[in-house]
Amino acid sequence: VVAEIERELSTLPDSIGIGDVLAAPFRVPRLIQMRSWTLARLFEKLGLSARVRTILAGQCGDYLLPPSQVSLLLHATLVTAYGSGAFYPRQHYQRLVGALVESITSHPGCEVLLEGEVDRIETRGGRVTCVHTTDGRTFSARRFVSNMDPLATAKLVGLDAFPRSFTRDLTSDYSHGGLSLYLGLRDIDLRDLCCASYTVWSYPHDDLDRIYADQAERNDLSNPWLFLSTATLHSDEPGLAPPGCHTLQVATHASYTEWSALRARDPREYRREKKRMRNHLLDVIEARFIPGLRDHIDVFALGTPTTNERFVRAPRGNSYGAALTPAHVSTSRRPMQALDNLWLVNATAGWPSVAGTIGSGRRLAEQLLGHDS
């Protein structure tokens with residue numbers, strides 16, 4: 001079934017999204033039939049055991065939804081893409097970011113400005129006139145593009161400035177927020193323990209829906225699922241860590257409501273809870289994978305859903321934009337035009353992942369410039 005879905009998707013032009021398949025019912029009957037299916041619905045139809053379901057849905061952390069909620073079409077797209085090969089930049093992601101910045105600054109008059117957080121967007125007559133930043137600067141332009149979430153952007157403008165057709169489509173249904181633990185390690189070879197140039201998915205039992213409910217709804221991370229990745233083993237190129245050292249990223253999901261309420265109520269207790277959670281995650285990693293891990297930690301950082309909300313204005317600390325449920329996946333996901341001269345490009349306006357968000361911006365550039373960019 002997954003192969004048939006991917007085959008039908010591959011027949012569609014690059015400029016057509018999943019939401020446009022309704023215009024081609026004879027070319028893509030499987031997509032039409034299953035556009036409202038979840039992954040769990042397919043599992044039920046096939047009568048799969050709990051263990052087989054867990055294995056087949058093992059990458060569900062890549063969209064942070066359990067099988068009962070995620071779109072079958074989205075899951076099929078993800079697993080077939082990984083099946084054809086997962087890729088990592090040879091010179092690490094800092095080289096990709098550097099190339100994007102270089103491309104921007106190579107054009108006369110173009111700059112990348114840091115630490116200039118936008119805190120107000122002014123409009124008049126259905127058009128943006130200027131944006132203001134927290135450091136007191138004001139920027140005017142003929143066109144404006146925001147890569148913040150559509151809802152976050154709209155709140156900076158004021159919801160009453162938008163037509164009802166736009167505000168009606170703003171979602172409050174987002175993917176889960178994550179807990180991310182970043183470690184810098186010394187004097188250890190992770191290849192001898194748990195990691196190589198691949199991703200590790202670890203689950204405490206076979207009921208993925210219960211795991212997601214326990215962690216997001218009941219804030220129970222006593223026995224969490226874990227994602228582990230070691231970027232320093234994906235490429236031999238230097239740049240991420242000193243010689244002989246490694247990075248280790250560990251992630252899971254957590255309740256935005258609990259973390260946000262704690263931070264607002266008592267910032268000191270919030271920091272103490274972050275420390276407790278870091279130690280708990282280290283306990284789990286040492287028990288499951290790397291005994292004595294603490295002896296090799298040089299640097300560390302833990303991010304919560306509120307960290308994501310604070311630094312990238314992700315509503316509810318979401319990790320992948322709008323929740324990738326059938327309702328959201330089956331709608332068109334092209335760059336959104338919010339006002340006459342304001343466009344939106346990000347994971348919610350387009351698609352999540354590095355390729356998804358960059359693709360959203362590229363399609364908008366092609367649209368505005370009238371040629372490939």
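**A walk through the model**

Let us start with a single residue: Val101 has a relative accessibility of 32%, so Val101 counts as partly exposed. Please keep in mind as you look around that this is a predicted model. Val101 sits in helix 6, which covers residues 92-105. On the surface, Val101 belongs to a nonpolar patch together with Val97, Ile104, Val112 and Leu114. Taken together, these five residues offer about 420 Å² of accessible area.

Helix 6 holds another residue worth a visit, His92. His92 is not a glycine, yet its phi is positive, at about 70°. Most residues other than glycine have a negative phi. Is His92 buried or exposed? With a relative accessible area of 1%, which is under the 20% limit, His92 is buried.

A second residue with a positive phi is Asp187, at about 55°, and Asp187 is not a glycine either. To find Asp187, look in the loop between strand 5 and strand 6, the latter made of residues 200-202. Asp187 counts as exposed because its relative accessibility is 58%, and the limit for that word is over 50%.

From that loop, step back to strand 5 and its neighbours. Strand 5 spans residues 177-185 and pairs with strand 8 in the antiparallel sense, over nine bridges. Within this pairing, Leu183 has Leu248 of strand 8 as its bridge partner. Strand 8 also pairs with strand 7, residues 226-229; these two run antiparallel and are joined by three bridges. Here you can find Ser229 standing opposite Gln249 of strand 8. How many of the nine residues of strand 8 are buried? Seven are, which leaves strand 8, residues 246-254, mostly covered.

Strand 4 is the next stop, at residues 144-146, and Ser146 lies in it. The relative accessibility of Ser146 is 8%, so Ser146 counts as buried. What does Ser146 touch, once residues up to four places away in sequence are set aside? Its contacts are Thr153, Leu342, Trp343, Leu344 and Val345. The side chain of Ser146 also reaches the backbone nitrogen of Met148, at a distance of 3.2 Å.

Finally, let us turn to the charged side chains. The count for this model comes to 16 salt bridges. One of them brings together the side chains of Glu44 and Arg53, at 3.0 Å from N to O. Glu44 has a relative accessible area of 54%, and therefore Glu44 is exposed.

Several others can be seen around helix 11, which runs over residues 267-288. Both Glu269 and Arg272 lie in this helix, three residues apart, or about one turn of the helix. They form a salt bridge whose closest N and O atoms are 2.9 Å apart. Glu269 has a further partner, Arg276, and their side chains meet in a salt bridge at 2.3 Å, N to O. How exposed are the two arginines? Arg272 has a relative accessible area of 38% and so is partly exposed. Arg276, with a relative accessible area of 42%, is partly exposed too. Add Glu273 to the picture, and you have a network of salt bridges that links Glu269, Arg272, Glu273 and Arg276.

Terms used. Residues are numbered from 1 along each chain as its sequence is written. This is a predicted model: local features need pLDDT of at least 70, side-chain atom pairs count only at pLDDT 80 or more; totals for chains, interfaces and linings use all residues. Side-chain values use heavy atoms; hydrogens and water are left out. Patches are made of residues with over 30% relative accessible area and no salt bridge: like charges are joined within 9 Å, nonpolar side chains (Val, Leu, Ile, Met, Phe, Trp, Tyr) within 5 Å. Accessible areas come from the Shrake-Rupley method with a 1.4 Å probe; for residues, only the protein chains shown count as cover. A salt bridge is a side-chain nitrogen of Lys or Arg within 4 Å of a carboxyl oxygen of Asp or Glu. Helices (H or I, at least four residues) and strands (E, at least two) are DSSP runs, numbered from the N terminus. Buried means under 20% relative accessible area, exposed over 50%, partly exposed in between (1.4 Å probe, protein chains only). Two strands pair if DSSP finds at least two bridges between them. A polar contact is a pair of N or O atoms within 3.5 Å; within protein, one must be able to donate a hydrogen and the other to accept it, and residues adjacent in sequence count only if both atoms are side-chain atoms. Contact means heavy atoms within 4.5 Å.
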